[in-house]
Amino acid sequence: MVKTVGKTRLELVKGDITKEQVDAIVNAANTTLLGGGGVDGAIHRAGGPAILEECKKLGGCPTGEAKITTGGRLPARYVIHTVGPVYRDGNHGEPKLLASCYRRSLEVALENGVKTIAFPAISCGVYGYPFEEAARIAVKTVADFVRTTEGIECVRFVLFDPALVEHYQSAFSELEE
Ligand code: AR6
């Protein structure tokens, strides 16, 4: 699925984000930035030790923030590490923190000349965010950002879990071009 918002193409694809040929891929990391399971583990495995070496110098990352490293051996030049909220009940700032992950990742991308970027479904794995709401926040936050900020040519949402697809499709359908 593809939508154009402002001057940016938003794309929805299924697959493994480590294979994406974009300027930067986003990692759903934890506050230590020292690796983990899920997409974080996959990115460090595929990208090799150079990513962890840089992460060690960053001193961690607060929830809702984003920090950039090399992409190591990945096709992507950079990895932007962001930390999604652990979902409790939705009343502990989770929506704002999740939106902040997408916004801050895009800001860090622009600061580094990134024009094409791929996002996984942040917080939708072990952090337990409900899919429908997470999909809506992801798509709406990115669309709002690119509507008012120039410089990002393509944002690709890369879904590994097939159960997420219908929720992202709905969120895409609700978008105004
Ligand atoms: N490509 C794209 N998406 C993937 C891939 C992949 N190769 N592998 C998994 N996913 P999760 P979180 C999807 O748990 O919920 C880590 O241990 C997965 O199906 O990776 O933000 C970190 O270190 C799901 O839809 O991230 C943190 O401790 C989505 O990525 C914690 O998990 C996110 O699932 C972060 O939890």
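The questions and answers below go through the cores, helix contacts and selected residues of a predicted model.

Me: How are residues numbered, and which pLDDT limits apply to this predicted model?
Reply: Residues are numbered from 1 along each chain as its sequence is written, and side-chain values use heavy atoms, with hydrogens and water left out. In this predicted model, totals for chains, interfaces and linings use all residues, side-chain atom pairs count only at pLDDT 80 or more, and local features need pLDDT of at least 70.

Me: Which helix gives the most residues to the largest nonpolar core?
Reply: A nonpolar core is a set of buried Ala, Val, Leu, Ile, Met, Phe, Trp, Tyr and Cys residues joined through side-chain atoms within 4.5 Å; buried means under 20% relative accessible area, exposed over 50%, partly exposed in between (1.4 Å probe, protein chains only). The largest such core has 41 residues, and Tyr-102, Ile-117, Phe-119, Val-155, Phe-157 and Tyr-168 touch the most other members. Elements that each supply at least two residues include strand 2 (8-14), helix 3 (94-111), helix 4 (131-148) and helix 5 (165-173), where helices (H or I, at least four residues) and strands (E, at least two) are DSSP runs numbered from the N terminus. With nine residues, the top contributor is helix 4.

Me: How many residues are in the second, separate core?
Reply: Ile-17, Ile-43, Leu-74 and Val-79 are included in this second core. Its residue count is 15.

Me: Are helix 4 and helix 5 roughly parallel or oblique to each other?
Reply: Axes are lines fitted to C-alpha atoms, for helices over the stretch in contact, and angles run from 0 to 180 degrees between N-to-C directions. The two axes come within 8 Å and cross at roughly 40°. Angles under 35 degrees count as roughly parallel, over 145 as roughly antiparallel, 65 to 115 as roughly perpendicular and the rest as oblique. Helix 4 and helix 5 are therefore oblique.

Me: How many charged residues are in the contact of helix 3 with helix 4?
Reply: These helices pack at about 40°, with axes 9 Å apart. Contact means heavy atoms within 4.5 Å, and the residues making it include Leu-98, Tyr-102, Arg-103 and Glu-107 of helix 3 and Glu-133, Ile-137 and Phe-145 of helix 4. For the classes, Ala, Val, Leu, Ile, Met, Phe, Trp, Tyr, Cys and Pro count as nonpolar, Asp, Glu, Lys and Arg as charged, and the others, Gly among them, as polar. The contact has eleven nonpolar residues, one polar, and a charged count of three.

Me: Is Leu-58 buried or partly exposed?
Reply: Leu-58 is in the loop between helix 2 (49-56) and strand 4 (66-70), and touches Leu-33, Lys-67, Ile-68 and Thr-69, not counting residues up to four places away in sequence. Its C-alpha atom is separated by 8.0 Å from that of Leu-33, 25 residues apart along the chain. Because its relative accessible area is 26%, Leu-58 is partly exposed.

Me: What is the phi of Leu-33?
Reply: Leu-33 lies in the loop between strand 3 and helix 1 (38-47), and counts as buried at 2% relative accessibility. Its phi is positive in a residue other than glycine, with a value near 60°.

Me: Where does Ser-123 lie?
Reply: Ser-123 is buried, with a relative accessible area of 5%. Although Ser-123 is not a glycine, its phi is positive, about 70°. Its place is the loop between strand 6 and helix 4.
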